[in-house]
Amino acid sequence: MIYKNYAKIALERYGKKVKYFITFNEPYIEFFVAEYLMNMEQSKEPALTRFARGMMKAHRQMVASAEVIKMYHEMNLGGKIGMTFNFSPCSPLDPNNLKDVQASALQEKLLNTVFLDGYFKGTYPKEVVDIFTKYDPAFQPTAADMKILAANKPDFLGINFYAPALVKYDAAEPFEMKWMYVNTDKIKSHNGPVRPEELYKFLVKIKKEYNNPEIMITENGAGFEGEDIKANPVVKDPLRADYIKRHIEAVEKAKKDGVRMIGYFAWSGWDNFEWVFGYTKRFGLIYVDFETQERIPKQSFYEYQKIIKEYKNQ
């Protein structure tokens with residue numbers, strides 16, 4: 001109720017000026033990565049119990065989002081509203097290893113499908129529900145909750161995409177699978193393997209399986225060790241420039257193949273405090289000297305500027 005009241009005030013104040021609203025951002029990062037995968041040793045509770053508890057929190061957030069979507073539509077403000085998720089389409093590290101294939105299929109449901117089904121269909125995959133209730137019996141979505149999810153359809157889907165997940169079987173890991181920090185690239189980005197073709201395939205999959213919704217890429221970017229060294233007049237970051245270019249090409253290809261793309265945003269405009277990495281990693285198109293606050297455009301800034309000009313009238 002507190003969030004709904006907050007949203008009501010924001011919509012009343014800005015709803016006629018702002019035409020796109022996002023209710024929440026990245027429930028998986030908040031409830032599974034930050035509270036669990038990044039802090040595996042902070043609790044004496046069984047790892048699987050801690051992991052499972054994240055789903056009830058994510059579920060409540062999705063229900064709250066659906067309630068605000070309903071309120072927004074009833075206010076007839078003339079814009080669009082949705083929610084943003086971080087997605088990492090999953091592939092087995094070794095396609096010829098049956099255990100890797102099985103681990104990847106399960107991780108796909110836990111990381112992506114559970115949110116997509118809940119968001120668009122108002123249902124969760126039975127296998128996922130069984131897993132969560134096994135380790136957290138408190139995970140009991142009510143019929144009323146699911147009715148709210150099913151009845152209040154978003155206007156668009158926000159996607160934060162950085163990298164796919166390469167999944168391998170690992171008996172020592174929770175659910176006997178591992179994907180975080182699995183990266184076969186020779187030059188590794190801070191946030192996973194660079195595979196723009198996986199973004200394209202994922203967008204086409206959503207088109208086919210979820211009735212071709214409108215999609216906005218709300219975050220997409222990368223950082224690499226050895227780049228982002230302060231220099232004038234341009235900070236060299238050729239790997240980031242190439243990453244941005246290739247991912248925009250993947251989005252444009254999906255659009256040409258019928259995916260209803262309505263927007264793309266690079267992450268991020270400036271180097272900033274990353275809520276996973278703090279100030280230790282840089283993702284900006286503009287270099288920020290954190291001591292003096294000096295700003296210097298990077299190579300990727302000019303590449304992105306060039307791309308915007310090319311696509312401006314399309």
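Here is a short chat between a student and a tutor about a predicted model.

Tutor: Local features in this predicted model need pLDDT of at least 70, side-chain atom pairs count only at pLDDT 80 or more, and totals for chains, interfaces and linings use all residues. Residues are numbered from 1 along each chain as its sequence is written, and side-chain values use heavy atoms, with hydrogens and water left out.

Student: Which helix gives the most residues to the largest nonpolar core?

Tutor: A nonpolar core is a set of buried Ala, Val, Leu, Ile, Met, Phe, Trp, Tyr and Cys residues joined through side-chain atoms within 4.5 Å. Buried means under 20% relative accessible area, exposed over 50%, and partly exposed in between, using a 1.4 Å probe and protein chains only. The largest core has 72 residues, and Phe-32 and Phe-132 are among those that touch the most other members. Helices (H or I, at least four residues) and strands (E, at least two) are DSSP runs numbered from the N terminus, and the helix that gives the most, with ten residues, is H3.

Student: Is Phe-32 buried or exposed?

Tutor: Let's look at its relative accessibility, which is 0%. With that value, Phe-32 counts as buried.

Student: How are the ring planes of Phe-32 and Phe-51 arranged?

Tutor: A pair of aromatic rings is described by the distance of the centres and the angle of the planes. Rings of Phe, Tyr and Trp (its six-membered ring) pair if their centres lie within 6.5 Å; planes under 30 degrees apart count as stacked, over 60 as edge-to-face and the rest as tilted. Here the centres are 4.9 Å apart and the planes stand at 50°, so the pair of Phe-32 and Phe-51 is tilted.

Student: How many residues apart in sequence are the parts that this pair ties together?

Tutor: Phe-32 belongs to helix H2 and Phe-51 to helix H3. The pair therefore ties together parts whose separation in sequence is 19 residues.

Student: Which residue has its charged end over the ring of Tyr-200?

Tutor: A charge sits over a ring if NZ of Lys or CZ of Arg is within 6 Å of the ring centre and within 35 degrees of the ring normal. At 4.4 Å from the centre of the Tyr-200 ring, the residue is Lys-253.

Student: Which residue is joined to Asn-232 by a cis peptide bond?

Tutor: The omega of this bond is about 5°. The partner lies in the loop between strand S7 and helix H8, and the residue joined to Asn-232 is Pro-233.
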